[in-house]
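Trainee: Could you take me through one part of this structure up close? I'd like to see how a single strand sits among its neighbours, with a quick stop at the surface on the way.

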Amino acid sequence: MIYQPIAWAAFQCWPGVVIFRLETHNMTQSQTPDRARLEASDPDILAALTGEEARQRAGLELIPSENYAFPEVLTLLGSAFTNKYAEGYPGRRYYGGQEFTDAIETLARNRAKALFRAEHANVQPLSGSPMNQAVYLGLLEPGDTILAMDLSHGGHLTHGAPVSHMGRIFNFVRYKTDPTTGAIDFAALANVARETRPRMIVCGYSSYPRDYDYADFKRVADEVGAITMADVSHIGGLIAADVMRNPLDAGFDVMTTTTHKSLRGPRGGLILCKEQFAKAIDASVFPGLQGGPHMNQVAAAATTFKLAATPAFRTYAANVMTNARALAAALTSRQVRLVTGGTDNHLMVLDTMQSFGIDGAKAQAALDRVGLTTNKQVIPDDPLPPMRPSGVRIGTPALTARGIGTGEMDEIAAIIAETLVANGDAGAEAKLRTRTEALTARFPIDGL
């Protein structure tokens, strides 16, 4: 972001007549008063901050779970709401001075309910992990069985990974995708459900490049008497914009989403549920799992929900999907193998081991060097370990937020493929970095 202080310059346009002209002088963020104070008190942190800003401006963000927050969100995160403790809920707080915190939390709840067509909303979870933990702990008992997606097939850490605390508290059983089509095998899923009688069925993903038919999950859950929960953290913004299916429309009991990612809001969590579960969910969040909410985050979420209800956001979400399909097609045309063969949402997983003979960790590092930020990713039933998996995961939310469109997807696919073919050649990578920077120069980041 460039700040432009006002200055007046006098100039003579013809003899005897002096005109005053408004001029501006560029002032970078590091020269503003708040940056000057930070420079004086902690120059090391300021250097890291300015370095990160430069990295984001000069590179292309392809990690599908990352995005550029709305400028309004950044303003609210650094606001006076940061100073306020607000344990409890609107009208029932444990501290005084809550008239404005009550107002913003009420707005956030009502806007979230309207946006997602939900009966109840809790906007206090500090992030995605405690959000999901609050649901499990509020609606289930320790030892209960939960049916969730296998992590290597696209599931998330909070869906019962053995290394997570939830994986130790609850009995997680797994469903997978079909190895040929990449679709979820609902016949196999139903069999697992009948055999294990789960108390809850969780659908949702962090690296599955397809959409769900939530009615299929609901039918299985109803058969075995399970609670239905959808974790849509990745695609919350796409659901809000009605470009992807909404689990609540299919009768799901609970839906969770983070408020950043495709929503472009603050880093936080949101729980939406049927009214019959509202009291248990609220008690599980507070006082069950966490104390005072971060009211600067709640305020930013409230504004995010308002912005996500606009026609401009719906256009953005549609463009995210269009860009993803274009990028997938451009990669496929270069003989890059994609898990499930393509995408129905905002992300795709590249099998770099099969396509280029290099693991995901090396691919991620090479792409970093040319200015493309990705993350290494396991593929279904990956024979390699998680820190050196067979693929990388990419997506289009942040690209689209910069205004990048389908016309640029072929060039981005070309840079990806040529980087991985170059296999560490420094000269080739330098040229590819120049091509990345040519793209970023054309599409600056709003507010940065």
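**From a surface patch to an inner strand**

Mentor: Let's start outside: Tyr85, Tyr94 and Tyr95 make a nonpolar surface patch of about 390 Å². Patch members have over 30% relative accessible area and no salt bridge (a side-chain nitrogen of Lys or Arg within 4 Å of a carboxyl oxygen of Asp or Glu); nonpolar side chains (Val, Leu, Ile, Met, Phe, Trp, Tyr) are joined within 5 Å, and like charges within 9 Å. Areas come from the Shrake-Rupley method with a 1.4 Å probe, and for residues only the protein chains shown count as cover. This is a predicted model, where local features need pLDDT of at least 70 and side-chain atom pairs pLDDT 80 or more, while totals for chains, interfaces and linings use all residues. Residues are numbered from 1 along each chain as its sequence is written, and side-chain values use heavy atoms, leaving out hydrogens and water.

Tyr85 sits in the loop between α3 (71–77) and β6 (88–89); helices (H or I, at least four residues) and strands (E, at least two) are DSSP runs numbered from the N terminus. Tyr85 is partly exposed because its relative accessibility is 49%, between buried (under 20%) and exposed (over 50%).

Now for strand β18 (residues 391–395): 5 of its 5 residues are buried, so the rest of the structure largely encloses it. Gly391, Arg393 and Gly395 point one way, Val392 and Ile394 the other. β18 pairs antiparallel with β15 (residues 347–351) over 5 bridges; pairing takes at least two DSSP bridges. Strand β17 (residues 375–377) also runs antiparallel to β18, with 3 bridges. Val392 stands opposite Leu350 and also opposite Lys376. Gln364, from helix α14 (residues 360–369), has contacts (heavy atoms within 4.5 Å) that include Val392 and Lys376.

Technical notes
Buried means under 20% relative accessible area, exposed over 50%, partly exposed in between (1.4 Å probe, protein chains only). Lists of a residue's contacts leave out its neighbours within four places in sequence.
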